[in-house]
Amino acid sequence: MKKTILFLALMAVILLSAQSSYSFRLDKFLEEVTKPPPEPKQQTSQEPAKAAPQNQPKQPEQQQGGGGLIGLGESLGVFDKKTSNILKQSVGTLQAFQPIGLEEEKAIGGSLAVEVFNKFGGPYKNPVLQNYVNLVGKSVAEVSDRPEIDYHFAVLNTDAPNAFATPGGYVFISAGLLRLLNNEAQLAGVLGHEIAHITHKHALQTLQRGKVLSGLSGLTMAAMDQDNNLFDQIINEVSEVLFTRGLDKDLEFEADKFGMEYAYRMGYHPEGLKNFLKILGKSQRRESSIFLSTHPSPASRFQQLIGLLPQYKGFALYPVLSKRYKTTVQGQL
């Protein structure tokens, strides 16, 4: 009981202190995701062309593939020729797939966020509900593995129980899904699952393994600005994955694992997501849920989460906050 009282006091302080910084502005959110990407800088005619170097410096031996630690190991007899070649090929493979940067991630995620609004009913225009979801989501995101991202949370105006995340920090939950929830711990678990997709870059991992980026060594804003067709193909590829085919089931299980972990770190009862999956599995509205059709079955996810519970010692003392959830959403849905 003492832990519960302390947690409630802590959450009250966090929510009150967050009012100014986390106050959700739907108009700003829409403005941000619909903002066109910056135009690439054009070289002015006055800028002198750079002269070609007269004496081209010799490439370091490592860049020619014969030096560095691998070459040193080979010369000292640490690696034989075959092992050395395998190591060089491995280094080449790693260099071929450069991580997608945050600026590019936000450009892709922002475009997909607009698509989410267009496909799934648009924003649910209720400032009280929007602000509540934003506050809970921001609190969970603060204890995630990528707290430095500027996260945005929005409620969708659809009765189908859905939730989505697009790269760069955009998270959506439908009014229909909020109606299924019984408490704030379940809401934190669902939002934690979506936040985990962003923190672990699941959509970007899938994109990098797909056909669109095959043969490229990296993805930059300049490349997307100069090739509109490439940007369209990227958006179509990620859209197909998120809204039709779904991510690999192992990535969904990973998002469940970290969603539960993030909710627990914030002080919520870690069974919130597990208990929501049980509700979703029995829901009469499950057939209309993309959240269901693109994910492993609720029963299999439920079982996976049960196996993770023993690592959370004393979790029974953590609150679910049923009264606060029902009081806040009552009359808002």
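User: Does Leu321 count as buried or exposed?
Analyst: This is a predicted model; local features need pLDDT of at least 70, side-chain atom pairs count only at pLDDT 80 or more, and totals for chains, interfaces and linings use all residues. Residues are numbered from 1 along each chain as its sequence is written, and side-chain values use heavy atoms, with hydrogens and water left out. Buried means under 20% relative accessible area, exposed over 50%, and partly exposed in between (1.4 Å probe, protein chains only). Leu321 has a relative accessibility of 10%, so it counts as buried.

User: What is the phi of Leu321?
Analyst: Leu321 sits in the loop between α15 and α16. Helices (H or I, at least four residues) and strands (E, at least two) are DSSP runs, numbered from the N terminus. Leu321 is not a glycine, yet its phi is positive, at about 60°.

User: Which residue just after α8 takes a positive phi?
Analyst: Look at the loop between α8 and α9. One residue there is partly exposed, with a relative accessible area of 28%. Its phi is near 50°, and it is not a glycine. The residue just after α8 with this positive phi is Lys201.

User: What span does α8 reach from its first C-alpha to its last?
Analyst: Helix α8 covers residues 184-199, which is 16 residues. The expected span of a helix is 1.5 Å times one less than its number of residues. For α8 that expected value is 22 Å, and the model comes close to it, at 22 Å.

User: How many residues of α8 are buried?
Analyst: Take His193, which lies in α8. His193 is buried, at 0% relative accessibility. The helix is largely enclosed by the rest of the structure, because the buried count is 16 of 16.

User: Which side chain does His193 contact?
Analyst: A polar contact is a pair of N or O atoms within 3.5 Å; within protein, one must be able to donate a hydrogen and the other to accept it, and residues adjacent in sequence count only if both atoms are side-chain atoms. The C-alpha atoms of His193 and Phe253 are 9.3 Å apart, though 60 residues separate the two along the chain. The side chain of His193 makes its polar contact, at 2.7 Å, with the side chain of Asp256.

User: At what distance does the side chain of Asn183 reach the backbone nitrogen of Gln186?
Analyst: Asn183 is in the loop between α7 and α8. Asn183 is buried, with 8% relative accessible area. One of its side-chain oxygens comes within 3.2 Å of the backbone nitrogen of Ala185, at the start of α8. The side chain of Asn183 also reaches the backbone nitrogen of Gln186, at 2.8 Å.

User: How many aromatic pairs does the search find?
Analyst: Rings of Phe, Tyr and Trp (its six-membered ring) pair if their centres lie within 6.5 Å; planes under 30 degrees apart count as stacked, over 60 as edge-to-face and the rest as tilted. Phe120, Phe164 and Phe243 form one aromatic cluster. Across the whole structure, the number of aromatic pairs is nine.

User: How many residues apart in sequence are the parts that the pair of Tyr264 and Tyr312 ties together?
Analyst: The Tyr264 and Tyr312 pair is tilted, with 4.4 Å centre to centre and 55° between the planes. Tyr264 lies in helix α12 and Tyr312 in the loop between α15 and α16, so the separation of the parts in residues is 48.

User: Which side chain does a polar contact of 2.8 Å join to that of Tyr312?
Analyst: Tyr312 is buried, with a relative accessible area of 4%. Its partner is in helix α12. That partner is buried too, at 19%. The 2.8 Å contact links the side chain of Tyr312 with that of Glu261.

User: What volume does the largest cavity have?
Analyst: On a 1 Å grid over the protein atoms alone, a cavity is a set of points where a 1.4 Å probe fits but cannot get out, and lining residues have an atom within 4 Å of a point. Grid points are joined across faces, edges and corners, and a volume is the space filled by probe spheres set on the points. There are two cavities of 30 Å³ or more. The largest has a volume of about 190 Å³.

User: Which element gives the most to the lining of the largest cavity?
Analyst: Among the residues closest to the centre of this cavity are Ala165 and Glu194. At least two lining residues each come from β2, α8, α9 and α11. The element giving the most, with four residues, is β2.

Note on methods
1 Å grid on protein atoms, 1.4 Å probe; cavity = no way out; pocket = protein on both sides within 12 Å on 5 of 7 lines; lining within 4 Å.
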